[in-house]
Each structure stands twice: as structure tokens, then as C-alpha cells.
Amino acid sequence: MNSIDAAHATVHDYPGGSESLGPRVGISPAVLRNKVNPNNDTHHLTLAETDRIMSMTGDFRILQALAHQHGYLVVKAPSSNAAECDMSVFEKYAGMGVANGTFSQTIYTSLADGGISTEEMAQIEAAGMEFMTKIVEIKQRLRGMVG
């Protein structure tokens, strides 16, 4: 998903859509709809507006999409007051195994016909990003146990 589609989905998936979210982030509902409309070339979200939307919704697909468009991963940092334990590391490790299986299955299924379509490549990239994210999450949990 690209950042424009992510912004559209973030606003429209919010309970009540732009009618509910707009006033909460200081943008009229109609203007907000225009700003996230992928077919509109005249209205655009500012960085400050995007930040307010992500803060209000708790939906970070825009941030993730921007990062992925540029080849980066976004991984939520562990809270500084969270006590890390063996179980939290094991939980993340199990999640990494699931993500690895999904990544491998996506590649296997894509190669079944002897080639890879553009859509299949997008699915492989998404599954790969998820797998890499899980690895970084494990590293962060382990770092939380240092000291």
C-alpha cells in the first residue's frame, strides 16, 4: 500500500470516517475527504495534519507505507518502563516463525507457475517486510533485557 492509499484508508476506516475524525484533528470533514482522496490533485495533507491523524487514530499505516516506499521498516520501540522477560521474547520469536512461514509460502505460491507477476512481487515484498519487522522486534526485546 502506498502512502496516499494508506491516508485514505486511515481516514475512512476511522469510526465515522472524515465526519467524525475531521473535527478531532482540526480539519473540516469535506476538506479532509479531499485531502485523502487519491484522485484529488489540489488538496494534500501537511506533515502536521498527518501527525495529528496518526495520533488521534492510533493507525500508523501512513508512516509504515512511507517507510516501505523508501525501503525502511517501522518498528514500534518498546516502552521504557516495560519489563522484558523470557516469555515476551518467546512470544516475538514465535511471531517471527509465523512471519517466516508466510514469507516462504508466498514465495512458493508465486513461483508455482514458473514466474512472478507484479502483484505476486508486491505480496512477497509485504511478507518480507513483515518478517524483517519481527526480527527487529526480537532484537529490541533482547536489548530490553540487557543490564
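**Pockets, salt bridges and a long look at H6**

Reader: Which element gives the largest share of the lining of the largest pocket?

Author: That's H7, with seven residues. The helices here are DSSP runs of H or I with at least four residues, numbered from the N terminus. Keep in mind that this is a predicted model, with local features needing pLDDT of at least 70 and side-chain atom pairs 80 or more, while totals for chains, interfaces and linings use all residues. Residues are numbered from 1 along each chain, and side-chain values use heavy atoms, without hydrogens or water.

Reader: And what counts as a pocket?

Author: On a 1 Å grid over the protein atoms alone, with a 1.4 Å probe, a pocket is an open set of points with protein on both sides within 12 Å along at least five of seven lines; lining residues have an atom within 4 Å of a point.

Reader: OK, what's the volume of the largest pocket?

Author: About 600 Å³. There are 19 residues in the lining of the largest pocket, and Arg61, Gln64, Ala65, His68 and Met129 lie nearest its centre. Two elements, helix H5 (61–69) and helix H7 (118–144), each give two or more residues to that lining.

Reader: How much space is in the second largest pocket?

Author: About 370 Å³. The second largest pocket is lined by 20 residues, and Ser3, Ile4, Ala7, Leu45 and Thr50 are the closest to its centre. Helix H1 (3–13), helix H3 (29–36), helix H4 (47–57) and H5 each contribute two or more residues to the lining of the second largest pocket.

Reader: Which of those elements gives the largest share of the second largest pocket's lining?

Author: H4 does, with four residues.

Reader: Switching to salt bridges. How many are there?

Author: The count comes to seven salt bridges, taking one as a side-chain nitrogen of Lys or Arg within 4 Å of a carboxyl oxygen of Asp or Glu.

Reader: What does Glu49 pair with?

Author: Lys35, and the closest N and O atoms of that salt bridge are 2.9 Å apart. Glu49 sits in helix H4 and Lys35 in helix H3, 14 residues apart, so to speak of distant parts of the chain being linked fits this pair.

Reader: Are Glu49 and Lys35 buried or exposed?

Author: Both Glu49 and Lys35 are buried, meaning under 20% relative accessible area (exposed is over 50%, partly exposed in between, 1.4 Å probe, protein chains only).

Reader: What about Asp59, which residue does that one bridge to?

Author: Asp59 forms a salt bridge with Arg61, with 2.6 Å between the closest N and O atoms. Asp59 counts as buried at 15% relative accessibility, whereas Arg61 is partly exposed at 24%.

Reader: And where does Glu137 come in?

Author: The side chain of Glu137 meets that of Lys92 in a salt bridge at 3.4 Å, N to O. Glu137 is in helix H7 and Lys92 in helix H6, so this pair ties together parts that are 45 residues apart in sequence. Glu137 is buried with a relative accessible area of 16%, and Lys92 is buried with 18%.

Reader: Which residues are in a network with Lys92?

Author: Glu130, Lys134 and Glu137 are linked with Lys92 in a network of salt bridges.

Reader: Last one: which residues of H6 are buried?

Author: Ser88, Val89, Lys92, Met96, Ala99, Thr106 and Ser110 are the buried residues of H6. The buried residues of H6 pack against H7, where contact means heavy atoms within 4.5 Å.

Key
Grid points are joined across faces, edges and corners, and a volume is the space filled by probe spheres set on the points.
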